[in-house]
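User: Please take a close look at one part of the model shown here, and set that part in its wider context.

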Protein chains: 2
Amino acid sequence: MGLRTGILIFDDAEELDFVGPYEVFTMARQLKADGAEILLIAEHQAPVTCAKGMRVLPHASIATCGKLDVLLIPGGQGTRREVENKALLGWIADVAKTATWITSVCTGSMLLTAAGPAKGKRVTTHWAFVETLRGRKEAAEVLEQYRYVQDGNVVTSAGVSSGIDMALWLVGQIHDVPFARAVQRAMEYDPLPPYGGLTG
Amino acid sequence: MGLRTGILIFDDAEELDFVGPYEVFTMARQLKADGAEILLIAEHQAPVTCAKGMRVLPHASIATCGKLDVLLIPGGQGTRREVENKALLGWIADVAKTATWITSVCTGSMLLTAAGPAKGKRVTTHWAFVETLRGRKEAAEVLEQYRYVQDGNVVTSAGVSSGIDMALWLVGQIHDVPFARAVQRAMEYDPLPPYGGLTG
């Protein structure tokens, strides 16, 4: 049996933050045909309007999704509101107690530090959010210039598109590296930013 | 006034094929604040179930979306069904008459060759679909090993994730290269596949 992966979505979650990893995990499910489940989970079973206006119908709510092996929390402007949402933070803390991997993309790391799973851990986040997250003094260290940072079973990614790299890394850890490369090839992820990279 | 961009979605459209470019175009809209419109358009105003199970509520239907400056057709298993959908192909042909840019990702190029805009043009597609598209004998040439191919105002991308590179290139053409780099930085697109690239 494949793993059960839950990807949290909420109003003003950033679209690519969760769809990048969703594509990676669901492509892995298709190639492996292992019955893995990948669920888009919202607090309530109602349409979610993402940060850039895409409207998504969740597969499950936090009340109905069941036990998860992998949790992914995306970023987006909505994290500033959800970090005050005690019901949601409580759910994240509960899921983290039994999940194998607890992950985030972009400013989603703030929900993981606030809820507990990433408190006292080394994390990363979107480059423009590094100082804000440091100011909260929940993480042991907020690292820069990494696509993702692993500390135990908590893996936090940098901004938006970095969730694709993190999800592929995770597929390599859950299965193996040749399989992760097969997923990468199926989604033709041989990236070539047209006007050069941002660093180096 | 910003441009009006329409991204077609249909049942079994591949998630990242359209959400990658959607993120690029909407991030450009946010940074430029030029009133650009980016619409997810379906044949009918009803929920769309994508290839990997994500359910999206379209912003408009092909009957209500109005005139478009940029058209993007994603791929996904659903293209095999939609290539027989004369109403949809007719709409693509109509939009292409007045659009400035006509684009596709992955197997979406087959809809552009079948509908007319890419007929007789040089195109690309997902690596696993190259021979099928060649067999249709609609394109002048189906190129391999390119992230995207421009022929006049038709731009076709390779598989799934390549739509991100193509959309960033297009932002650089519509606006300018420094602005495209600002969009790239906002989405932290400094990709680093964890287990190496696919080529080179």
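Among contacts in chain A between residues at least 6 apart in sequence, what percentage join residues at least 24 apart? With that settled, please concentrate on the side of chain A that touches chain B.

Analyst: This is a predicted model, in which local features need pLDDT of at least 70 and side-chain atom pairs count only at pLDDT 80 or more, whereas totals for chains, interfaces and linings use all residues. Residues are numbered from 1 along each chain as its sequence is written, while chains are lettered from A and ligands numbered from 1 in the order in which they are written.

Among the contacts in chain A between residues at least 6 apart in sequence, 65% join residues at least 24 apart, a contact being a pair of residues whose C-beta atoms, placed from the backbone, lie within 7 Å. Chain A comprises seven helices and 11 strands, taken as DSSP runs numbered from the N terminus (helices are H or I of at least four residues, strands E of at least two). Its radius of gyration is 16 Å, which agrees with the value near 16 Å for a compact globule of 200 residues; the radius is taken over C-alpha atoms, and the globule rule is 2.2 Å times the number of residues to the power 0.38. Of the 200 residues of chain A, 56% count as buried, that is, they have 20 or more other C-beta atoms within 10 Å of their own, against 12 or fewer for exposed residues and a value in between for partly exposed ones, with C-beta atoms placed from the backbone.

Turning to the part in question, a turn of 180 degrees with a shift of 0.0 Å along the axis lays chain A on chain B with an RMSD of 0.0 Å (least-squares superposition on C-alpha atoms of residues with pLDDT of at least 70 in both copies). This is the relation of a two-fold axis. The C-alpha of chain A nearest that axis belongs to A:V56, 2.3 Å from it. Both copies use the same surface, since 100% of the contact residues of chain A recur in chain B.

In numbers, 44 residues of chain A are in contact with 44 residues of chain B. On the side of chain A that touches chain B, the elements giving two or more residues are helix 1 (15–32), strand 4 (55–57), helix 6 (162–174) and helix 7 (177–186) of chain A, and helix 1 of chain A provides the largest share, seven residues. The residues on this side divide into 23 nonpolar, 11 polar and 10 charged, where Ala, Val, Leu, Ile, Met, Phe, Trp, Tyr, Cys and Pro count as nonpolar, Asp, Glu, Lys and Arg as charged, and the others, Gly among them, as polar.

Strand 4 of chain A also runs antiparallel to strand 4 (residues 55–57) of chain B, joined to it by three bridges; two strands pair if DSSP finds at least two bridges between them. Within this arrangement, A:L57 stands opposite B:R55 in strand 4 of chain B.

Finally, the largest nonpolar core has 134 residues, and those with the most contacts inside it are A:I9 and B:I9; such a core is a set of buried Ala, Val, Leu, Ile, Met, Phe, Trp, Tyr and Cys residues joined through C-beta atoms within 7 Å. Not counting residues up to four places away in sequence, B:I9 touches B:F18, B:L40, B:I41, B:A42, B:V48, B:V56 and B:P58.

How values were computed
Contact = placed C-beta atoms within 7 Å.
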